[in-house]
Amino acid sequence: MARARLRDLGIEIGVLPTGEHNAITDVPGVTVGHVTLNYDEPRVARTGVTVVCPRGDRSQTDFPFAGYHSLNGCGEMTGIAWVEESGLLMSPVALTNTHQVGVVRDAITLYASQRIGGGAFWLPVVGEIYDGWLNDINAHHITCDHVFQALDSATGGPVPEGNVGGGTGSICHGFKGGIGTASRVATTDSGKFTVGALVQTNQGDRLYLLVDGVPVGREIGYDLVPPARDRPSTASSIIVILATDAPLLPQQCRALAQRATIGLSRTGSRGHIYSGDLFLAFATGNHYPRDTRAPALVRMMPLAQLNPLFDAAVEAVEEAILNSLTAAQTMTGQLGRTAHALPLDRLQQVMARYGRGPHS
């Protein structure tokens, strides 16, 4: 069966409406780019880079407010000390593998100085997952040129998912993982706002995998689909990027990032000790110009109106994780190791037995 997004399978998560593309790029101005490295010689590459530009080509000059949350800190996200100090996101966000965070971070600053001019990005934000089971991670495949390509290719509209970019070599709940995205439109007394999520999934045990509350991981166990690793493991990571066009202040962005924890838990992850579960949220509803010398005028969402945005974040994160699974394809990497894709026909059958989906 061809790979598909969750909704293409007739399985709908949550109650809120999606944006046009059901992607983080439904937040106006947000763009996403990937570079995927998938080859066997001279050494096995199953890795890549994904970039999220909060304001597209203006990400260097018009900064959104941002906030960060760590569910479990066995991972890396550079630049966070400055995000927490300033409340601003002053660079694109990049996702890659554990051993190449430094290269990607440096490439973003180099890109700014060589391609844009007018000064470098401020302390770029780069997150990672460990893809060293399928990818020969010690080969250090990613170069500055790959990061440049990802930035140059960043666009709005539909976002490729599954075995792409920073999710090329990832494993999720014992199946092949990858990049996933989703969005929701939240209605508040201040108007309608979009919340989008992009995830890089490399977390979870098969036993705990849930789809709309259905114990899919137990129904499609290791006896039916072999584990991706020699033994089941939850010692991996997930990076979640949340975007919204609501006028949130930094503390409110941090609160939004915290809600990614709930979306993650709804798919069965439990924040185990060696999983790096790191979440960043940014809000484009205010503007902070790079060269401003005057007091910045900002708007703030009333506290009583935040709940619809929180609901949207939970649903978008949950569906983005599941989209990463349904889009990902079976992959064989170094040493003949294979991560099998979640079988979509079996998924539909299981969901139908529990009264979910079009065949229930």
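Contact here means heavy atoms within 4.5 Å. I'm working from a predicted model.

**Entry 1: S70**

I began with S70, which I found in strand β3. Buried or exposed, or something in between? I get a relative accessible area of 30%, and the window for partly exposed runs between 20% and 50%, so S70 counts as partly exposed. Next I asked what S70 touches once its neighbours within four places in sequence are set aside. The answer is D277 and L278. I also checked S70 against A257: they sit 187 residues apart in sequence, yet their C-alpha atoms are 8.9 Å apart in space.

**Entry 2: the sheet that holds β3**

I traced the strand order and got β3-β11-β10-β9-β8, an open sheet of 5 strands with mixed pairing. Which strands are at the edges? They are β3 (62-73) and β8 (179-188), and each of them pairs on one side only. From one strand to the next I get an average twist of 20°.

Then I looked at how β10 meets β11. Strand β10 (residues 237-244) and strand β11 (residues 276-289) run parallel and are joined by 8 bridges. One pairing I noted is I238 with D277 of β11 as its bridge partner. D277 had already turned up in my notes as a contact of S70.

**Entry 3: helices on that sheet**

I looked up α5 (residues 250-258) first. This helix lies across β3, β10 and β11, at about 40° to β3. Which residues of α5 are buried? My list reads Q252, C253, A255, L256 and A257. Their cover includes β3, β10, β11 and two helices, α6 (260-265) and α7. A257, on that buried list, is the residue I had paired with S70 for the distance check.

Helix α7 (residues 307-327) lies across β8, β9 (191-202) and β10, and I have it running at about 160° to β8.

**Entry 4: the sheet of 4 strands**

I moved on to another open sheet, with 4 strands in the order β1-β2-β4-β5 and mixed pairing. Why is one side of β1 and of β5 left without a neighbour in the sheet? Both β1 (31-39) and β5 stand at the edges with a single partner strand each, so nothing in the sheet flanks the other side. The average twist here is 15° from one strand to the next. I also noted helix α3 (residues 144-153), which lies across β1 and β2 (45-53) at about 140° to β1.

For β5, the partner is β4 (residues 93-97): the two run parallel, with 5 bridges between them. L95 has G127 of β5 as its bridge partner.

How many residues of β5 (residues 125-129) are buried? I count 5 of 5. In a regular strand, side chains alternate between the two faces of the sheet. I see V125, G127 and I129 pointing one way and V126 and E128 the other, with both sets buried.

**Entry 5: a pocket**

Last, I pulled up the second largest pocket, with a volume of about 180 Å³. What lines it? I wrote down T31, C53, G56, D57, S59, Q60, P92, Y111, I116, F121, L151 and A154. By class the lining divides into 7 nonpolar, 4 polar and 1 charged.

Note on methods: Residues numbered from 1 in each chain as written. Predicted model: local features only at pLDDT ≥ 70, side-chain atom pairs only at ≥ 80, totals over all residues. Heavy atoms only, no water. Buried < 20%, exposed > 50% of the residue type's maximum accessible area, 1.4 Å probe, protein only. Pairing = 2+ DSSP bridges. 1 Å grid on protein atoms, 1.4 Å probe; cavity = no way out; pocket = protein on both sides within 12 Å on 5 of 7 lines; lining within 4 Å. Points joined across faces, edges and corners; volume = space filled by probe spheres on them. Nonpolar A, V, L, I, M, F, W, Y, C, P; charged D, E, K, R; others polar. Axes fitted to C-alpha atoms, helices over the stretch in contact; angles between N-to-C directions.
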